[in-house]
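Student: Got a minute to go through a fold with me? I'd like to start with the strands and then move on to the helices.
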Amino acid sequence: MRSNLKSADNQFLHPWDDMNDLDRNERTFLVRGEGVYVYDDTGNRLLDAPAGMWCVNIGHGRQEMADAISEQVLKLAYNSPWALTSEPPALLAAKLAELAPGDINHVFFSTGGSTAIDTALRFVCFRNNLLGRPDKKHFISRVNGYHGSTYLASSCSGKAKDKKFVDLDDRHFHYIGDPNPLHRSAQQSVEEFCDQLVAELDDTIKTLGSDRVAAFVAEPILASGGVVVPPPGYLKRCAEICRRNDVLFIADEVVTAFGRLGHFFASEAVFGVVPDIITTAKGITSGYLPLGATLVSDRLLAGLDQTGSDHAIFANGYTCSGHPVACAAALKNIEIIEKENLLDHCREVAPYFQQKLLELLELDIVKDVRGMGLMACVECEQAVAKNGEGVAEIIDRECQALGLIVRPIYNMCVMSPPLTITRSEIDHLVEMLRDGIQRASQVVA
Ligand SMILES: Cc1ncc(COP(=O)(O)O)c(C=O)c1O
């Protein structure tokens, strides 16, 4: 059974597959999940510290979600979102407008985070065309930012290793520094580092010309870039610079929304910023079904009916935009988060999670531990072990043997457990991670 499955899985080209290892991948087969745990095909129980891929916020195996999804499938599994509509996307759009900050009251639905970003960038360009400013098409994002893998979303992303062998739009995308305080120079204070980052955004807009820069795209906390928490005040100051220069601020909340930082959206609640556009996905359905959303402020839509253009059609959208079943799952997910006070729970356990992880700094190979809310990263000194393997991959393997999944990225283990995690599960997580790192240390040195 296992070997049949393994050879079948070799025909599944997984995201970020290394062509050198196509037939040699040894992935763990998962068969079920419950709460913060998933189970592999040999019966091992694994604590899912990354909650899948930053997404299973309400935890695995929820009967209410299964019921909501099956009810919607039986009621209406699909309708074209072009000329028709149905209850779930309408109710979800209204609910998102209620939860989103400021005048962000309209929603484009898509199929995930990449298409939510793609839609945001295309909408901004479309709007500038309509407003008669076709040159305002340049985007600024950050080194180590990750925004997805459509052509536009990957062009917007700033992770150097991901750019090596793929074609990208290198004419309209510009990258400013990663706001990781760890990367500041030895003489610099965090405040000076923040001043430098903010000045860099200002200078980049000035150099390109504010008549050419359409938007700044930023994750409030860089997720796949290694859970980078920017210096205090950074995001707010960046948003102010954008506003002063007529540059839109697009907050990529694909990871930080739906409770990860203790709020439905983090931009305003945590960072004091009301963006022009928010993109989100993942936790919107807790990963139970694929869904993305691009939330747009009323300001951006105002006046678009008076540009004098015939057929001012935004030719963007997907067969599954506003998919009734995915939207029903999102509504149930939000209901569960509200009913079970998961935002309060996250705010309550997050400081304990962060504090427990900080204890790992006493291990020799650990260089930095950082995070916010229920997002965290343990970064190791070394990226590659003496046997040539990635250090975080070795840690993940050792941890899996102990009953814990961590997401390895080069020298970093990133974690974002389900919001339901309890203090004793946090203790167990950190204990296994400590053991896993200690075991890995033998191989790394
Ligand atoms: C911040 C951010 N934006 C966008 C994306 C892309 O989302 P998706 O993989 O759902 O297309 C991701 C995925 O990890 C992400 O972390």
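Student: In what order do the seven strands of the open sheet come?
Tutor: This is a predicted model, and in it the order is β4-β10-β9-β8-β7-β5-β6, with mixed pairing.

Student: Which are the edge strands?
Tutor: β4 and β6, the latter covering 173-176; each pairs on one side only.

Student: And what's the average turn between neighbouring strands?
Tutor: Ignoring direction, neighbours in this sheet are turned by 20° against each other on average.

Student: Let's zoom in on β7 and β8. Do they run parallel or antiparallel?
Tutor: Parallel: β7 (residues 213-218) and β8 (residues 248-252) are joined by four bridges. If you want a spot to look at, A218 has A251 of β8 opposite it.

Student: OK, helices. Which strands does α8 touch as it packs on the sheet?
Tutor: Helix α8, residues 234-244, touches β5, β7 and β8. Its direction makes about 145° with that of β8.

Student: Switching to α4. How far does that helix reach, first C-alpha to last?
Tutor: 18 Å over 13 residues (87-99), close to the 18 Å expected at 1.5 Å a residue.

Student: Which of its residues are buried?
Tutor: In α4 that's P88, P89, L92, K95, L96, A97 and L99.

Student: A lysine too, then. What covers the buried residues of α4?
Tutor: The cover includes two helices, α3 (63-75) and α11 (324-339), plus the strands β4 (104-110) and β10 (292-297). You've met β4 already: it's one of the edge strands of the sheet.

Technical notes
Residues are numbered from 1 along each chain as its sequence is written. This is a predicted model: local features need pLDDT of at least 70, side-chain atom pairs count only at pLDDT 80 or more; totals for chains, interfaces and linings use all residues. Side-chain values use heavy atoms; hydrogens and water are left out. The expected span of a helix is 1.5 Å times one less than its number of residues. Buried means under 20% relative accessible area, exposed over 50%, partly exposed in between (1.4 Å probe, protein chains only). Contact means heavy atoms within 4.5 Å. Two strands pair if DSSP finds at least two bridges between them. Axes are lines fitted to C-alpha atoms, for helices over the stretch in contact, and angles run from 0 to 180 degrees between N-to-C directions.
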